[in-house]
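Trainee: Could you take me closely through a single part of this model, the aromatic contacts that cross between its chains?

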Amino acid sequence: MPYLYNTSDDQAAMLAAIGAQSIEELFQSIPSELRLDRPLNIPPAMGELELEQHIRGLAAKNLNGSNAVTFLGGGSYDHFVPAAVDAVASRSEFYTSYTPYQAEVSQGNLQAMFEYQSLITRLTGLDVSNCSLYDGGSSAAEAVLMAADITRRKGRVVVAASVHPEYRQTISTYVANLGIEVVTVGAENGTVDIAELTSVVNDETSCVVLQHPNFFGCLEDAETVAQVAHDAGALMIGVFDPISLGLLKRPGDWGADIAVAEGQSLGTPMSYGGPVLGILACKEKLIRRLPGRVVGTTTDRRGNPCYTLTMQTREQHIRREKSTSNVCSNQALFALRATVYLSLVGPEGLKSVANLCLQKSRYLADKLDSTSRFELVFNSPTFKEFVVRDKENAVEDLVADAAKEGYLAGIPLGGWYPNLADCMLVCVTEKRTRAQLDALVEVLQTGAAKASADELIQAGI
Amino acid sequence: MKNTRDTKLIFDLSRPGCRGAVLPECDVPAADVTSLLPASALAESSPELPEVTEPQVIRHFMNLSQLNMSVDTHFYPLGSCTMKYNPKRNERAAAMPGFAEVHPYQPDETKQGMLEMLFGMQEMLKEISGLEACSLQPAAGAHGELTALLVAAAYFNDFGENRKKVLVPDNAHGTNPASAAMAGFESVTVKTNIDGGVDMEDFHSKLDDDIAVFMITNPNTVGIFESHMRELADAVHARGGLIYLDGANMNAILGVTRPGDFGADMQHYNPHKTFSGPHGGGGPGAGPICVVEKLATYLPGPVVEQGECPDNAGQTYYSLETPAKSIGKMRAFFGNTGVLLRAYCYIRTHGPDGLRAVSDNAVLNANYLLSLVKDFLPVPQGGRCMHEFVASASKLKAERGISAMDIAKRLLDFGFHAPTVYFPLTVKEAIMIEPTETESKETLDAFAETLRTIVGEDADLLHEAPHSTDISRPNEVAAARNPCLSCM
């Protein structure tokens, strides 16, 4: 085995030191009737070369960024990742280290996490950030648990139907055994129905969860929704797209008490949805209920400034059954990627990325809307995604046909929204070129394009 | 040689006008932003981000990286965390665009390679655990614990039972009781005995018909196999309860014994421990769970199923299905597939004999190290161990004032990462050591010799340790009393 050092001579010497006759003897404490009396039934070992060939073969069966053009969004985005992000994240002093329990030999990780927290608080306009959770969906669920605990309202959580369906499912899963009711408020016109929202938010409501821009890509009237929540004494949980903050007001500025996001957009590849980055930031008054780990500044014994994990009393290490968080492994490496990404793009770069998404998605939306087959479904302004209806009601077939040409055209919505069964969600990032946008329109209208996605990619357009 | 100038905060390196990334001009006709978005939604000022160049960013973070100890640079005997070598071939695989640049909502027919890999992973995890169904969705070990407890809650609710209690041994990982609380259960502590195993008398006294789940780590956190496992499982099952196996210590038993065979109904894996995923400075990990057949229908979805291609009979086709009574989702999308792919590569590299060799050598290394240190650093449950053992500095503390923390910090001076200290709580001044199978006899000899040197050193020297690191011990009390979590 390539990762085992001990030779048979070593093993013999070690057994002698232990005073054992054989390795088998070391397992004596496992009763024989509980032993597996045969080899595991898994495939035989492969050398590195065979493994590489096997993995390449599997990879070749997947449409991906090297042979297809994607217009899929819905919480996972094909944004550009500068090479410097990979260069930093592939430093094995970062990626093969552990949680920085020993601060003296982890100042690099700790400072990077502190910088991440600082960037996230500045980006969101909130006071404090943890140093990452699993993903956007589980962060939303953690925020809901925070709100129920802080407000001491175990009655009701109000969630807009325009929040990512899988985030809503995750929230429901997390609270299912806690006796908390999840009330979903309709969004028939692409944004949450504020009259309905106002009618269901009551004095037993711990929080209102709103995504802005929402799952359909539409901008919500976030300030009004926050006002409704606050008037009832509930907390406002805002789900945001970090890239959108190149142009849009920060969650803290429109009234969110807790802001959560999927941070994959910030320098992390899609990786089939994971691993990604759960962002969670909140107002200072909620700090003692902040889930996950946080890094703070302090001084060492010599009086020098340094960083350390802090406020761990909320965690599983100390209070165990009274702890308010069970988070142990988080997404630290992806928080590092986000830190590097945000440092590289800076204020002007983030504005550029956001503006390119906005302009290009508007261009594609208008183009599709002007065809005879498609129409835009909602009137609200959108950021980088929009919902388009196929008047011939054949969205699944369209998507399948476009995929044969290498275009991942959109996400059919019928599985989550039966009334939108003839619609799909289309996303445009800064990576899409005008040639790709035009080709998609052609493919969707005619079932084929003059150039397949692979040909466009090979030609560098 | 230390470059402290470039390790100042990234914000302090900022200079207006510097750029680290320049985006292309817009190649479609651009409209004024205010004509596309309402003024009320627009930010009034630019995002508050640093302005730095790419070389500055690289130099800053490369210098930060050098302030870390890591598995690639140091021995990391961190008990319970299984810090084994992270193979480079796995990193190359995960970086391939055919995996890294796949979108979660692509049609199934455009990602058959991804689904084939994930299906293979489900099958291998089922076989290794001896359980019948698998969901790869949970994003970390503790997330897997929470998932399994929610699966258990759904199972009992389905039969109209409202069981409230979860039994957890006092030496369990802190995540166990925390997960139980998050899932709406009441956590009841079961004592362990002087030998480090579950105290059977206390266990039986706490067993009643309100038991939902008994969470057990086996091998347990003091590194011994719970030899009464069958009796424990039978007793819980007789009451209608379920056994949950905390899979954090699977590294000790691969191919030796299987949780499903010793009574577990559910277990999570920590692929980043057992199957060598890098820990990333705290994450990402993954926390897939396996369960017995009767719980399969409650698993979070989707899971991968193997069938025949609808258009091409006889050709294997993989699809995503959500179990009929699924608890729902624990996160968006499928799971931490990038971590699972690394683990898949690890398992395929080893095969059945190789996995067994991993456990053999992990257990051999731990017992060897135990034999080297027990004479000068007592190991209370120290006859034989599995893949880790827990020493105690309590005698040193009483006699010479040397604490577990002192020893941990002094090890840093000698170029060894510290073991886990003060866990489990059942051992006073605990020092929990797990060498893993990827360390050599020479490294273990050097580590043991260093420990021997340290316990012979002057107590005052140890109280002040570490002496050679960039900083000395941080004032954690001050950090917590007056939290400063960002730079304003």
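Mentor: The following account deals with one aromatic cluster and its contacts. This is a predicted model, in which local features need pLDDT of at least 70 and side-chain atom pairs count only at pLDDT 80 or more, while totals for chains, interfaces and linings use all residues. Residues are numbered from 1 along each chain as its sequence is written, chains are lettered from A and ligands numbered from 1 in the order in which they are written, and side-chain values use heavy atoms, without hydrogens and water.

Over all chains there are 23 aromatic pairs (rings of Phe, Tyr and Trp, the last by its six-membered ring, with centres within 6.5 Å; planes under 30 degrees apart are stacked, over 60 edge-to-face, the rest tilted). One of them joins A:Trp416 to B:Tyr105 edge-to-face, at 5.2 Å centre to centre and 65 degrees between the planes. This contact crosses between chains: A:Trp416 lies in the loop between strands E14 (411–412) and E15 (423–427) of chain A, and B:Tyr105 in the loop between helices H4 (97–100) and H5 (112–129) of chain B (DSSP runs, numbered from the N terminus; helices are H or I with at least four residues, strands E with at least two). A:Trp416 is partly exposed at 23% relative accessible area, whereas B:Tyr105 is buried at 14% (buried is under 20%, exposed over 50%, partly exposed in between; 1.4 Å probe, protein chains only).

B:Tyr105 also pairs edge-to-face with B:Phe333, at 5.3 Å and 65 degrees. These two residues are 228 apart in the chain, B:Phe333 being in the loop between strand E9 (312–321) and helix H11 (337–373) of chain B. B:Phe333 is likewise buried. A:Trp416, B:Tyr105 and B:Phe333 belong to one aromatic cluster together with A:Phe215, A:Phe216, A:Phe378 and A:Tyr417.
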